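User: Please take a close look at one part of this model, the place where two helices pack against each other, and describe the loop residues with unusual backbone angles as well.

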Amino acid sequence: MTTYSHTYSITAADMDKDYRLMPSAVVLYVQDAWARMMSTLGMAAFDLIKENKIWIITEFNAHFEPVETFWSEAVETTVWNSETSPLRIYSDFRITKSGTGQLIAQGYACWSILDADTKRLARTDAMQQSLPLVDDLALGPHKKLRFPATGDLLKQADHHTNSLDLDFNGHVNNRSYLNIALLTVPDTFLSHNAPAHLSIHWLHETFENETLHCLLFAVPDTQGAFLHRIEKEDGTPAVEIYSEWRPATHYTPVAETLHRT
């Protein structure tokens, strides 16, 4: 086996109010396809928990093509593992429209293993011999991206985590952070613009009944780029998200700006 593919039909839960595929759904498809692939190798989350270990995703990077993808369309998500280190596994992905093969998004994610009790990183060496790698299909270097300096604070909002934010490990689902972050962006901007690039760094886990502070910053000298920082109550950074946006193709291009609040 070199790559693994799975086809998803965009449901109401995966679309925004304009019937377009949400960025968080792209993260979902990538994670789900990767989990399916790893289950065929006996390395899924339910396999590792027997050894008191947990998979975590620490970084996600995606480039989006200027193509709109709407409700009820089918998309094919293809994933493969392309690089390992003693503590990390890098998986690349490509999402295309089913049938036409038109590219929607591509990028990579970084995975690590935690000890379920100590929450410390565990080495991945033991599984590497049985982990197929397709290094010649790597979409680019897997270097941790350094986010640009922040500019003006555009908006701040708080979110109190609840049971709907959680995943099966009992901590806030990594996709929930992206939806929480986008709540600070005006609907008019999201309706008239689509993501061109998305990079997420998950830094610290959070749990139910915590208050998260979501800060939205401008990026100096870069139009249509923003940096979200989600912090715990004590100021510990939980997640950082860098995004670049372009005018949505289903609208006549309109210059949209974020107003300071």
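Analyst: What follows describes a helix pair and then two loop residues. The model is predicted, and the values given here are computed from it.

Two packed helices are described by the angle between their axes and the distance between the axes. Here the pair consists of helix 1, residues 23-40, and helix 4, residues 174-182, whose axes come within 9 Å and cross at roughly 170°. An angle over 145 degrees counts as roughly antiparallel, and helix 1 and helix 4 are therefore roughly antiparallel to each other. On the side of helix 1, the contact is made by Pro23, Ser24, Val27, Leu28 and Gln31, while helix 4 contributes Asn174, Arg175, Leu178 and Asn179. Sorted by character, the residues of this contact comprise 4 nonpolar, 4 polar and 1 charged.

The loop between strand 1 (4-9) and helix 1 holds Tyr19, a residue with a positive phi of about 70° although it is not a glycine. Tyr19 has a relative accessibility of 47% and so counts as partly exposed, since that class lies between 20% and 50%.

A second residue with a positive phi is Asn209, at about 65°, and Asn209 is not a glycine either. Asn209 lies in the loop between strand 8 (193-202) and strand 9 (211-218). With a relative accessible area of 52%, Asn209 is exposed, because the exposed class begins over 50%.

Key
Residues are numbered from 1 along each chain as its sequence is written. This is a predicted model: local features need pLDDT of at least 70, side-chain atom pairs count only at pLDDT 80 or more; totals for chains, interfaces and linings use all residues. Side-chain values use heavy atoms; hydrogens and water are left out. Axes are lines fitted to C-alpha atoms, for helices over the stretch in contact, and angles run from 0 to 180 degrees between N-to-C directions. Helices (H or I, at least four residues) and strands (E, at least two) are DSSP runs, numbered from the N terminus. Angles under 35 degrees count as roughly parallel, over 145 as roughly antiparallel, 65 to 115 as roughly perpendicular and the rest as oblique. Contact means heavy atoms within 4.5 Å. Ala, Val, Leu, Ile, Met, Phe, Trp, Tyr, Cys and Pro count as nonpolar, Asp, Glu, Lys and Arg as charged, and the others, Gly among them, as polar. Buried means under 20% relative accessible area, exposed over 50%, partly exposed in between (1.4 Å probe, protein chains only).
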